[in-house]
Amino acid sequence: MPTSAQVTAGTLARHGFSDARSALKRWDELTSAAPDLATDRLLGRLSAVADPDLALLTLVRLEEALLDGGHDAVRAELAEALSVDELTTRRLLAVLGASGALGDHLVRHPEHWRRLRDARPRSPEERRHALVATVTGDADGAGTAYDRLRIGYREQLLGIAALDLTAEDPVATMPETAAALADLASAALAAALEIARTEADGDAALCRLAIIGMGKCGGRELNYVSDVDVLFVAEPAEGADEDEAISVATQLATALMRACSASTGEGALWAVDAALRPEGRDGPLVRTLASHRHYYERWAKTWEFQALLKARVVAGDEQLGAAWLDTVRPLVWSAASREHFVVDVQAMRRRVEEHVPPAEAERQLKLGRGGLRDIEFSVQLLQLVHGRSDETLRSGTTLDALAALSDGGYVGRDDAAVLDHAYRWLRSLEHRIQLHRMRRTHLVPTGEEDLRRLGRSLGHRTDPASWVTAEWRRQAREVRRLHERLFYRPLLEAVAGLSTDEVRLSPEAARERLSALGFRDPAGAMRHLESLTTGLSRRAAIQRTLLPVMLGWFADEADPDAGLLAFRRLSDALGTTHWYLKMLRDEGRAAERLAHVLASSRYAGDLLLRAPESVALLGADRGLEPRDRDALLRTMRAAAGRQADLAASVEAVRVLRRQELLRIAIADIVDGLGVPGVAEALTALTEATLQAVLEAVTAAVEAETGDALGTRLAVIGMGRLGGGELGYASDADVLFVHEPLPGADPQRAQQQATSIAQELTKLLKGSGPDPALVVDADLRPEGRQGPIIRTLDSYRAYYDRWSSPWEAQALLRARPVAGDDTLGAAFARLIDPLRWPAGGLSAEALREVRTLKARMEAERLPRGADPKTHFKLGRGGLSDVEWTVQLLQMQHAHEVPALRRTGTVPALEAAAAAGLLTEDDAHALIDAWQMVAALRNASVLWRGRPVESLPSDLRDADGVGRLVGRRPLHGWELDEAYRRVARRARRVMERTFYGR
């Protein structure tokens, strides 16, 4: 360390001075005036402060003021302290280097340096007593009462700033600083009230006046410079006239505001803002307790209750203030029950953000995106919604409330920790910005020197300007992300819509509500609720938040009892999994979706219980968007490739199939995929599954034999698979075809191909993690008696010699779905002349097709089934529609290429376009086909198993009807709607198919 005589501009630059030449002049001045101060030790301490240049300049000014003012004793005392007292030195230089305004105060009142030496935390009572004594003359002080108030206020402010600026971690201790500032403001209000009493024209004893702190003052989280928000409440003293008392109280309130905000030779404190009072600036400044009650009960807007959340008595008549709080607090904590409460609060936050001037938006620390208001509004909205039933949340201090929300499970621990740190950091940055000139601002500066000072004041020395900017942006991004998740949480609006008893979920309220909501077994439902919510665990706390709302969502569906039971089983299965309840509480509509899914679909519920972790689909971005064939196949190949053997590979594929089935089912229930969407998704899933398993089995056969496969294989989709019309209960109808490679042994190739086809069928049909996929090859030549797989030449020979009309009809929907693409295309070319015969259908073939259809209607309908309501074989059902369009295809596809479609609806549309059907007839058939397909899908979702007839049970009809129509349907309405559509389709079928 250089001696003072060796200090140069370079020395000062290395010690953090920005303007080293000017600083050297100041250092020389200090050396000349006070060589006992200008020591190497002092230079080292200056290098640690936020702005060494400012600190040195102010120190020189302070020395000059001591000399010029004749403060020899004060100067000697300060010099001694700076030479031996390390803490005092640090405090003085930290204040001088961070705040030019407080430095100016010390220059005017150098004796106040002792406040830095003696700085310690002080109670609100200590601060009030000292400041009141200052203005009432109990303490020494020159000038007017206004001046003494300002001098005494800033004297105490010096001590607060000294503790703040020298704290080991000022971000961590920010709440203590903010509380001290609020206590000092309260003390100033009390002192200003004493001044006002001396200025009042009337008798101040005629009224009782209480000052209610609002905003940051009320929450004990005040800034260094801020408007102090207040309300005034007054009552006449005993025996006094009310009008006269209110007049005097208004004089006192006006004088109090003037005492704080008027500018004197000692400046001003801050504005006292009473705009949060009833009717705002247009309302009377002072009201009685009854007037306040009347206003808040009848006229107050949503934002006013939010503002009252932080209210506390800060000065004046404490008993009157307590009575006022007792009056308004019940109204505050019932405000969330008001209509549109959550929406109003959200809209108000958006308005605040929109009114930020565009030029300031990117620099706004308080009101902008990711600013302090985002945290405060998020916390306050959660408090007001959940605080009705949970009194632990009723704190007016943001960080205390945030901690309570975390402890109660309303906010995730990690999210709360991020917001807590961000709030402390942003408020610390705000404090440092305001301290410099003691001006009310919330804008982050843009100047390099200002940013450098801010970064250094927060403890960063390496490139502090860049660091403070980057850290501020990072904190703002995190705040905005969590604000958007918490503040717009759908659960909030749902909870706000419940009564206080419903939110509390007390046993009595729960029993009544369960019965009112339509639970068939309220006692059983109570047992589930008790199991989920009993105890002090975080899990139980979150469940107590979720379930009051979810009960209503369960009740929106046909079987709320099943929904609640499934939810309990799912919650038990996931146990203490950290993300599950957090997702339901925080992620979009996850909880609502889960409730609707569990109460409306046994199929989806069973899939979830097979793999409870799959509930994460409900919270993931685009989690309910079905995946296409290529994406599924890539994932399945990768999963199978990581396994050690064939069984494990196929199981991995089936696990993915189960997950995708669940995704499709939930998307259908929640978003209404419709018949085309479900068919497309299930067809893509089945094709990917067949391809992935075919590849795995082929690889296993090759590995087992040690030989490369001597043939190519293809899987031809038939029936609904070929038509791209799969439903939840559909089998995979297929044909297997292979073609030996050149030079391969035909017999060996047949054995290998047969082994692969059989193994694929067995592995997918057996029990596994997903519902079995039945691979049905019964439509092959010779049916079950024929070989499971044939060569292309064998198929050609069979069809040339033995093919019957029904086989040609079955081939109308044949389409390659897996395996070798070239071979699949060759098979399609082979069968095209068969399914679309040149010249159309012969008279003999037409009679055979009609006869076969009539036999089906007479013989294949299950015993006891109603032909009017059977989905597949009933009148106007799937068979009627499909045989009609297939007959038209066999008759006319040779001359109408547009008919060469494997799908039913596209073929019907093509028939109408070609004039083979009228538009009305085509629509009748399409409507019937789509309605039956929808009912079949809905029946599987509802019951969890295939159902082939319209449900006769009213609850089943209601459940299926809701899934089809997305609204409650009585059983008779569904029955009537189906019969009407089916009758129309049957009339078209008889006229077109039978020619009647």
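A residue counts as partly exposed when its relative accessible area falls between 20% and 50%. By that yardstick D463 is partly exposed, because its relative accessible area comes to 45%. The model here is a predicted one, and D463 is a handy place to start. This residue sits in the loop between α21 (448-457) and α22 (464-487). Its backbone is a bit out of the ordinary: D463 is not a glycine, yet its phi is positive, at about 45°. Most residues other than glycine have a negative phi. R220 does a similar thing, with a positive phi of about 55° although it is not a glycine either. R220 is found in the loop between α12 (215-218) and β2 (228-236), and with a relative accessible area of 33% it is also partly exposed.

Next come the aromatic rings. Searching the whole structure turns up 13 aromatic pairs. In one of them, Y153 and W270, the ring centres are 6.0 Å apart and the planes meet at 75°, so this pair is edge-to-face. Y153 belongs to helix α10 (residues 145-165), while W270 is in the loop between α13 (242-261) and β3 (272-273), so the pair ties together parts that are 117 residues apart in sequence. Both partners are tucked away: Y153 is buried at 3% relative accessibility, and W270 is buried at 7%.

Y795 and F827 make another edge-to-face pair, with ring centres 5.1 Å apart and planes at 85°. Here the link runs from helix α37 (residues 792-801), which holds Y795, to helix α39 (residues 821-835), which holds F827, and the two parts are 32 residues apart in sequence. Y795 is buried, with 1% relative accessibility, and F827 is buried with a relative accessible area of 1%. These two rings also have company, since Y795, Y798, Y799 and F827 form one aromatic cluster.

Some rings have a charge for a partner. The charged end of R835 sits over the ring of W836, 4.5 Å from the ring centre. Likewise, R349 lies over the face of F377, at 6.0 Å from the centre of the ring.

As for nonpolar packing, the largest core has 142 residues, and the members touching the most others are F567, L584, L594, L690 and F736. Helix α43 (residues 919-943) is the top contributor to this core, with 14 residues. Setting aside residues up to four places away in sequence, L690 touches V715, L721, V734, L760, L764, V775, V817 and A818. Apart from this core lies another, of 96 residues, whose members include L93, L116, L158 and W270.

The largest pocket has a volume of about 1,100 Å³. It is lined by 37 residues, and G719, D733, R813, K872 and E882 are the closest to its centre. Helices supplying at least two lining residues each are α34 (674-705), α35 (719-722), α38 (805-810), α40 (843-860), α41 (878-892) and α43.

Helix α41 is also home to L888, which is buried at 5% relative accessibility. Leaving out neighbours within four places in sequence, L888 is in contact with A893, L899, A911, L917 and T992. From L888 to R987 the distance is 16 Å, C-alpha to C-alpha, and the two residues are 99 residues apart in sequence.

Terms used: Residues numbered from 1 in each chain as written. Predicted model: local features only at pLDDT ≥ 70, side-chain atom pairs only at ≥ 80, totals over all residues. Heavy atoms only, no water. Phe/Tyr/Trp six-rings, centres within 6.5 Å; stacked < 30°, edge-to-face > 60°. Helix = DSSP H or I, 4+ residues; strand = E, 2+ residues; numbered from the N terminus. Buried < 20%, exposed > 50% of the residue type's maximum accessible area, 1.4 Å probe, protein only. Lys NZ or Arg CZ within 6 Å of the ring centre and 35° of its normal. Core = buried A, V, L, I, M, F, W, Y, C linked by side-chain atoms within 4.5 Å. Contact = heavy atoms within 4.5 Å. 1 Å grid on protein atoms, 1.4 Å probe; cavity = no way out; pocket = protein on both sides within 12 Å on 5 of 7 lines; lining within 4 Å. Points joined across faces, edges and corners; volume = space filled by probe spheres on them.
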